[in-house]
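Trainee: Could you take me through one part of this model closely, with the cut-offs behind each term spelled out?

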Amino acid sequence: MKYMKLAAVGAAATLLLTACGGGDSVGGAPEGSEPAEGGTTITYSLWDSNQQPAYQKCATKFGEDTGITVNISQQGWDDYWTSLTTDLVSGTAPDVITNHVAYYPELATNGQLLDLAPMIEADGVDLGQYTGELASLWNKDGEQYGIPQDWDTIAIVYNATMLEEAGLTAEDVANLDWNPQDGGSFGNLIKKLTVDKNGKRGDEEGFDSANVETYGWGLEKGGGVVGQTQWSWMALANGFNYLDRNPFGTEYQLDDPKVIEALTWYQEQIEAGYVMPLEQAGQLGLEPMMEQGKAALITDGSWRIGTWANSANQKLAFAPLPTGPAGQKTIINGLAPSIVASTKNADAAWQWVKYLTSEECQAMIAEEAVVFPSIPAQAEAAAAKHEANGVDVSAFLDISLDAANLSYYPITDKANEINALAQAVIDDIEGLKVKPADALPQLNTEINQILGK
């Protein structure tokens, strides 16, 4: 869900996708499409192995009702997009893919996705039933390339044992505030949770920032121009907006003092020893740093609730994001199924997409509680399932209930090229090599030159 390692596959994907037109993106079934009837088999791909069993339940019920067999394939994030690029070129792509808002614009521009709008209209699918404005994110130039199947938000993941050892309680992290001047109560929290090799805390005299045993805040490498799990909430809570409009803005606004202030404070915390250094974080990885107790808290997405709730070594819990000068803010994003234009079974593929995003399938997904389904009642049902299992996920759900808290994932053309450029600059900021006030305006100029091509 998040913008994970996009740059790693972006350049190759851009070249291959540009080289392959893939046919016109038009509504309805392409020429040669087979009608949906008993005996038809289609393929559906996804990248999250945790979600596969839940969607298999939907596929099984769908097959029983329609006679259409859905074969589900799963690959990890990097392999997923690399394989899809190759398969689109060779004509062996799945009929239906799990899609991400950072990727679909290029696929649509290259004519490799079907416009779902005629089918949505013909079958009376109500796009207004889905959470917030998620459906509109999948509309490009009047054509609809996906229907929301889930959504995600960001919250704090913290080590409850470390919190207790610091003399704090869950209530102390339930109503945090933050500002870019002194960090507010969140800044005080990460100082207190940081412990050096001599047992001194970050807010105690004699703290040795060069020899830290446990960092108050764990850094996750990556994130590109969005910083979805890393720093997005700070910039947004300080009044920042990524684009002049969203989706498909024409200008990034990374020269805004609001994002510069946020990333300057963030960099200062890394330099002070309260946030894990980039080099160490990159070598260790997010899950090991939490499992090994190298970090006391992180900010992370709801798609990893299961990872943290089922930790083998630590007692981890969730807390709401801090409230900043502009309020409490989270990026909200969602995945969607898209139909590949080269499918020979467009009608069957559409029936599957319609079922995937229906109340019936979403109820099955809610019962498994691996993601928040896009239909609000089923998102509530997923949260209730977590609660019944002893896991409080209200930090992820409650923030989604107020539209004022939500910032939709920034969507533009040329996302691969933009992210590759931005990632290098953000790495330099987190690596303490450049100052945000110097680097971000220059980055903004270069990104907007890309968008203006």
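Mentor: What follows is a close look at one helix and then at one arginine. The model is predicted, so local features are described only where pLDDT is at least 70 and side-chain atom pairs count only at pLDDT 80 or more, while totals for chains, interfaces and linings use all residues. Residues are numbered from 1 along each chain as its sequence is written, and side-chain values use heavy atoms, with hydrogens and water left out.

Helix α18 covers residues 436-451 (helices are DSSP runs of H or I of at least four residues, strands runs of E of at least two, numbered from the N terminus). With 16 residues at 1.5 Å a residue, α18 should span 22 Å (1.5 Å times one less than the number of residues), and its end C-alpha atoms, 21 Å apart, agree with that. Among the buried residues of α18 (under 20% relative accessible area, with exposed over 50% and partly exposed in between, for a 1.4 Å probe and protein chains only) are P436, L440, L443, I447 and L451. Because the buried residues fall within an arc of 155° seen down the axis (taken from the directions from the helix axis to the C-beta atoms), they line one face of α18. On the other side of α18, D438 and Q449 are exposed, while the cover over its buried residues includes α9 (257-272) and α17 (415-430).

R201, in the loop between β8 (195-196) and β9 (212-214), is buried yet has no salt bridge (a side-chain nitrogen of Lys or Arg within 4 Å of a carboxyl oxygen of Asp or Glu), and the nearest side chain of opposite charge, E165, is 5.1 Å away.

Definitions and conventions: Contact means heavy atoms within 4.5 Å. Lys and Arg count as positive and Asp and Glu as negative; His and the chain ends are not counted.
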